[in-house]
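Biologist: Let us walk through this model together. I would like to learn how to read its features.

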Amino acid sequence: MPEKIHTKFGDDSKPSAQVSSDTRQLDESAKKSSKTGHDPSKSPKANGIKRFPDGTPKLSSSEDSSSVLEGAKKEKPNSTSGASTNGNSNNLQGHNTTGAGKLNSGYLNMGQSSNKRPKLNGIMNSKPQYYQPSRQDLQKVAKKLDENRKKLPIWLKKADIRWLLRLNDVLLINGETGSGKSTQVPQFLYTEPWCERKKVTIKNKDGIDEEIAVGGMIAITQPRRVAATTLAHRVAAEMGCAITKNGEPGKVGYSVRFDTVVPVGTKIKFVTEGTLLQEMLIDPNLRKYSAVIIDEIHERSVDVDLITGFLRQLVHSNKEGRGGIPLKVIIMSATYDLGGTEAFFAKPETQPTYKPGQNYGRVIAPHMRERMTPEQIAKYEVKKDLEAKQKAEKESADASRRSSLESFSSWSGFSDTNEGENKDKPLSEEQTNSVKIKAMNGDKPAETVEEAKKAEPTKPKSVPGIPDGDIAENGVQDVYVRGRQYPVEVFYELTPTQDYVDNILRTILHQNMTEPLPGDFLVFLTGQDDIEALTAQLEHYKEKIVKQVPRLQIMPLYGSLPAQAQQAVFEPVTAKFTRKIVLSTNIAETSVTVPGVRVVIDCGKSKVKQFRPRLGMESLLSKPISKVSAIQRAGRAGREAAGKCFRAYTVEDFLNLVPDELPEILRSDVIEAVLKMKARGVDDVLSFPLMDSPDILAMEKALLQLHMMNALDGEGKLTETGKKMAHYPLPAAYGRVLIAAVDSQADCLLEAIDIISCLTTDSEIYLQPKSEDQSEAIEENRSDIYRREGDVMTLLTTMQRYAAEATDRNSWCEKRLISPRAMKMALNIRRQLRQVCSKQKLLKDMPAPDPQPFEPISPEKAEVLLKTFLKAFGTKTAVLSPDGSYSMSYGRHPIAIHPSSVLHGRKVEAIMFLDHVFTSKNYAKKVSAIQADWILEALEA
Ligand SMILES: Nc1ncnc2c1ncn2[C@@H]1O[C@H](COP(=O)(O)OP(=O)(O)OP(=O)(O)O)[C@@H](O)[C@H]1O
C-alpha cells in the first residue's frame with residue numbers, strides 16, 4: 001500500500017503525512033486482519049455475484065429473498081407496513097444513517113402482496129407488478145426522512161431563499177456538496193405564492209386575446225438521467241408521495257429522454273437538460289413553469305449553456321408571452337464561479353461594459369479557495385473584508401427576515417417582517433462568510449489586489465419596509481450555504497503512480513480490511529474498459545479474501561449500462577458482511593447520492609469529448625480531471641455519515657489540475673446547438689449572447705453542415721426540414737435521415753426508424769463475448785443477423801428479427817449475446833418515433849402490431865436506405881486508398897474500421913460511418929459499405 005498524506009475536504013492547510021502500510025503482503029495481512037469488529041462467522045454465504053450477459057447483477061432466488069427477509073426482521077421486527085418494508089426496485093435510496101433509506105415512495109413490487117416486504121432487488125423477475133404503498137405508509141417514510149432534512153445546512157437558508165425569490169427573479173445558490181440544494185430547494189419553493197398556477201390574458205399570434213394558464217410547476221434540471229430519476233424518487237419519498245405510471249396523483253415527476261412520469265398534480269419536475277431544452281423549443285415561454293432551477297451548472301454542457309442563454313432572454317424580456325408573469329430562475333452549484341453567472345444574468349443596464357461570451361475561468365466562488373492561486377486568495381481576502389463590512393451594516397435586517405422563517409409559507413406581504421428584532425445578535429460565522437467573489441467594477445473581475453481594494457461595493461437600493469440590498473440592483477441575488485452535514489477526509493499519494501488501476505485495486509483491498517461496515521466504496525474510473533479491467537481483478541481477489549474480512553459486491557455504473565442495472569447500484573447490499581464496491585465513470589460525479597457510500601476513491605482522470613476541427617470530428621480522450629471534478633467526486637462521500645476520499649494522485653498533481661473543465665460548447669461540435677438556436681428563432685447565431693461563445697470557425701462549419709443537410713436555406717434561415725429536425729428528440733443527423741426516408745423515391749421510413757431506435761438506446765445492443773470460445777459460438781449464432789452491407793443493415797435485421805420473434809425474445813437475445821434490455825428500450829423508442837412521425841404526417845398508416853413475419857430487406861432497398869443515411873452522414877465517409885487503408889473524403893485523414901464493426905478486416909470501395917473514436921488511431925464505428933459515387937450524389941442533392 002503506498003503511503004498517503006491526507007487533508008480535510010475543503011481544508012486549505014498543507015497536507016501532512018499520515019498513513020503507511022504495505023499491500024504487497026496483502027493476503028497475509030488480510031488473514032491477520034479482523035479490525036472491522038464484525039462477526040464473520042455469522043455470515044457464511046458465498047460471496048460471488050453472478051451477472052447476466054448485459055452486466056445486470058443476478059441474485060439467486062435464495063439469496064434474494066432470505067437475506068432480505070432476515071434484514072427486514074432485524075431492522076423492524078414487527079412491521080408489516082409498506083413504509084417500513086418497502087425497499088423495492090426503483091427505490092433509489094437504500095440504507096442510510098437516518099434509518100429511512102430503505103423506505104421508499106414505492107414503485108415495483110415483484111409479485112408480492114402489498115402487506116409483505118417486496119424483494120429488494122427484483123430486477124430479474126420477468127413480470128413486474130406495480131406496488132402502490134398506502135398514503136399512510138408514504139407519510140411515515142416522509143416523517144422519518146424529515147428529521148434528516150432539517151439537519152441539512154441548507155435549512156438555515158430556507159427563509160433567505162424564499163424571501164429573496166419573492167423580491168428578485170434570479171437567485172444563485174452556492175452551497176457545498178451534500179448541503180441539500182437539489183433535494184431541498186424545490187421543496188422550499190413550490191408552496192410560494194408566485195408558484196401558483198395563474199390565469200392570464202395574452203395576445204395570440206393572430207393578435208386576438210386569449211386566456212391561458214401560466215406556472216404552477218418547478219422544473220429542476222440535472223446533467224444526467226440517473227441523477228434526475230434518483231433525485232425525483234428521493235424528493236417524492238421526502239414529500240410522502242409516489243411516482244408511478246399508473247395514473248396516481250403526486251407532487252413529483254421526472255422527464256428524461258424517452259421516459260417521462262409526471263403524475264397529475266406534479267409541482268416539482270426533475271428533467272435532464274436536453275429534455276428542458278426540447279421543451280423550450282416547443283414552448284419558448286415555458287408557460288408550464290413558475291421557476292426553473294438549473295442544478296450543477298458547473299458541468300456546463302452545451303445544453304445548459306443554451307438553456308441559460310434562452311432563460312436570460314426570457315428574464316430580460318417584457319414577459320408578454322407569459323402574460324407578464326415572471327419566470328423565477330435559480331442557478332445552483334457547489335463548485336462553480338457563480339460570479340460569472342451573475343454577470344451574465346444581471347440587468348444589462350447595470351453593467352454597460354459587460355460582454356457575454358467570455359465567462360470561462362474568470363471569477364471564483366469563496367469556499368473553493370483550495371483551487372485559487374495565492375494572488376486570487378489575496379483578492380478574495382480583500383473582497384471578503386469589504387463584504388463583511390457591508391454585511392455587518394445590514395445585520396439587523398438579515399436577522400429579522402430569518403426570524404420570520406416559520407411564517408413564510410402563509411405570508412402574503414412584507415408587513416410581518418419584525419424590523420429591529422434580533423438587532424443586537426452578533427453575526428454568525430456562517431453569515432460573515434456568506435460572501436462570494438463577484439465581478440468587480442460591475443463587469444470584470446479585479447486583475448490585481450490594488451484593483452480589488454479600489455472596487456466599490458454595489459450600493460443597495462432603499463425600498464421602504466424591505467431591508468437594504470435584499471432587492472438586488474442588478475436583478476440577481478445570491479445565497480451561500482456554508483458547510484456540509486458530514487466531513488470528508490482527503491488522502492493523497494505521496495509519490496506519483498504509473499498504473500492507477502493497480503493502485504486503486506490495492507487501495508480497495510487494503511481499505512476493505514480496515515474500514516468498518518457499513519461503509520460502501522465508490523470508485524471513479526475513466527470508462528467502461530477500466531471498469532471491466534478492475535472488475536475482473538477484484539473478482540479474482542475476492543475469492544481469496546479470508547473470512548474475517550468483508551466480502552465484496554462489485555457493481556459497475558456507466559452510461560451505457562441498462563437503466564435497471566444502474567439502479568441496482570442505489571440499493572442496499574442485502575448479503576451479510578458484504579461491502580458494495582461501485583465502479584463508476586463520472587456519471588456519479590455530481591448530484592448523485594449512492595446510499596451506503598462512505599469512501600470515495602478517485603483515479604483523477606475522465607474521458608472528455610474533444611472536437612477536432614481539423615478532422616471535423618469529436619473524439620473521446622482520457623484526461624486529468626479538473627479541481628471542480630475532484631471536489632465533486634470527494635463530495636459523494638460524507639453524505640450520510642463522515643467519509644473519506646482517497647485520491648490516487650499526489651497533492652502536487654491536485655494543485656496542478658486546471659480549476660474548471662473547459663465548457664463543452666468550447667470543445668465540441670456545435671451543430672446541435674446551432675440548430676436549436678435557429679429553431680428558437682435566433683437569426684444571428686454568431687452574436688447570440690451565451691455565457692461562452694463557441695469558436696466562430698466551429699459555428700460557421702456547423703452552419704455549412706446544416707445547409708448541406710438542407711436544414712438551412714441559402715440565407716441561413718431554418719427550412720421546413722430543419723424545423724422538423726430540431727423537434728425530434730434525436731440528434732440532428734438522425735432527424736435528417738428520417739426526413740430523407742420519407743421521400744417518395746426512398747420510402748423507407750419504417751426501416752430508418754428501426755435502425756435509429758437501435759442507435760439511440762442508452763446501452764449497447766451487442767454484448768462483448770467474454771472468451772474465445774464464446775466468441776466463436778456467438779459469431780455462429782449471429783449469422784442470421786449479420787449483413788454484408790455493414791453495421792447499419794445489421795442493426796435493421798436485428799430489430800426486425802427481434803420484433804418478429806413470437807415465442808421467447810429473451811432467449812433469442814441470449815443466444816446471440818444481445819442485450820434484451822437494450823432491445824426493449826429500442827422497441828420503446830421505435831414505438832415513440834412511429835407516433836411522432838405519424839403526428840407529423842410523415843407516416844400515413846401505423847404498421848400492423850408485432851410480431852410480423854420477418855422479411856429480409858432486398859439489396860436494392862438496402863442501397864436506398866444507405867443513400868438515405870448518406871444525406872446526413874455524407875461528410876463521414878472514407879474511400880479505400882491503393883495501399884489498402886481508408887482515407888476520409890472530407891480532409892483526407894486516415895481512418896481504420898473499428899474491430900467492433902462487422903466490416904472489420906474487409907476492404908470495400910468506400911465506407912460511411914456514423915460514429916468515430918480516437919484511441920491509438922482514428923477508428924470508424926457503425927460502418928457501412930458504400931460506393932464512392934454515392935457520396936457525391938448525396939452531397940450534391
Ligand atoms: N437517494 C438518497 N439516498 C439517501 N440519502 C440521500 C439521497 N439523496 C439525498 N440524500 C441525503 O440528502 C443530502 C443532500 O442531498 P442533495 O442532493 O440535496 O445535496 P446537494 O447539496 O444537492 O449535493 P451536490 O451538490 O453534491 O449534488 C445528502 O447528503 C444525503 O444525506
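**The ligand shell**

Modeller: This is a predicted model. The shell around the ligand draws at least three residues from each of domain 1 (4-36 + 76-114 + 489-662) and domain 2 (115-351 + 474-484).

Biologist: How many residues surround the ligand, and which are the closest?

Modeller: The ligand is surrounded by 25 residues. Thr177, Gly178, Ser182, Thr183 and Arg639 are the closest. Two elements give two or more residues to this shell: helix 6 (181-189) and helix 7 (225-239).

Biologist: Which helix gives the most to the shell?

Modeller: Helix 6 does, with 4 residues.

Biologist: How does the shell around the ligand divide by class?

Modeller: There are 17 polar, 4 nonpolar and 4 charged residues.

Biologist: Now burial. Is Leu690 buried or exposed?

Modeller: Count neighbours: a residue is buried if 20 or more other C-beta atoms lie within 10 Å of its own. Leu690 has 23 such atoms within 10 Å, so Leu690 is buried. Leu690 sits in the loop between helix 20 and helix 21.

Biologist: Which residues does Leu690 touch, leaving out those up to four places away in sequence?

Modeller: Leu690 touches Asp305, Gly309, Pro356, Gly357 and Ile665. Asp747 lies 57 residues from Leu690 in sequence, and their C-alpha atoms are 40 Å apart in space.

Biologist: Which residues of helix 22 are buried?

Modeller: In helix 22 (residues 720-727), the buried residues are Gly722, Lys724, Met725 and Ala726.

Biologist: What do the buried residues of helix 22 pack against?

Modeller: Their partners are helix 8 (273-282), helix 20 (671-679), helix 21 (696-708) and helix 23 (732-742).

Notes:
Residues are numbered from 1 along each chain as its sequence is written. This is a predicted model: local features need pLDDT of at least 70, side-chain atom pairs count only at pLDDT 80 or more; totals for chains, interfaces and linings use all residues. A residue is buried if 20 or more other C-beta atoms lie within 10 Å of its own, exposed if 12 or fewer, and partly exposed in between; C-beta atoms are placed from the backbone. Two residues are in contact if their C-beta atoms, placed from the backbone, lie within 7 Å. A residue is near a molecule or strand if its C-beta atom, placed from the backbone, lies within 6 Å of it. Ala, Val, Leu, Ile, Met, Phe, Trp, Tyr, Cys and Pro count as nonpolar, Asp, Glu, Lys and Arg as charged, and the others, Gly among them, as polar. Domain bounds come from an automatic or database domain assignment.
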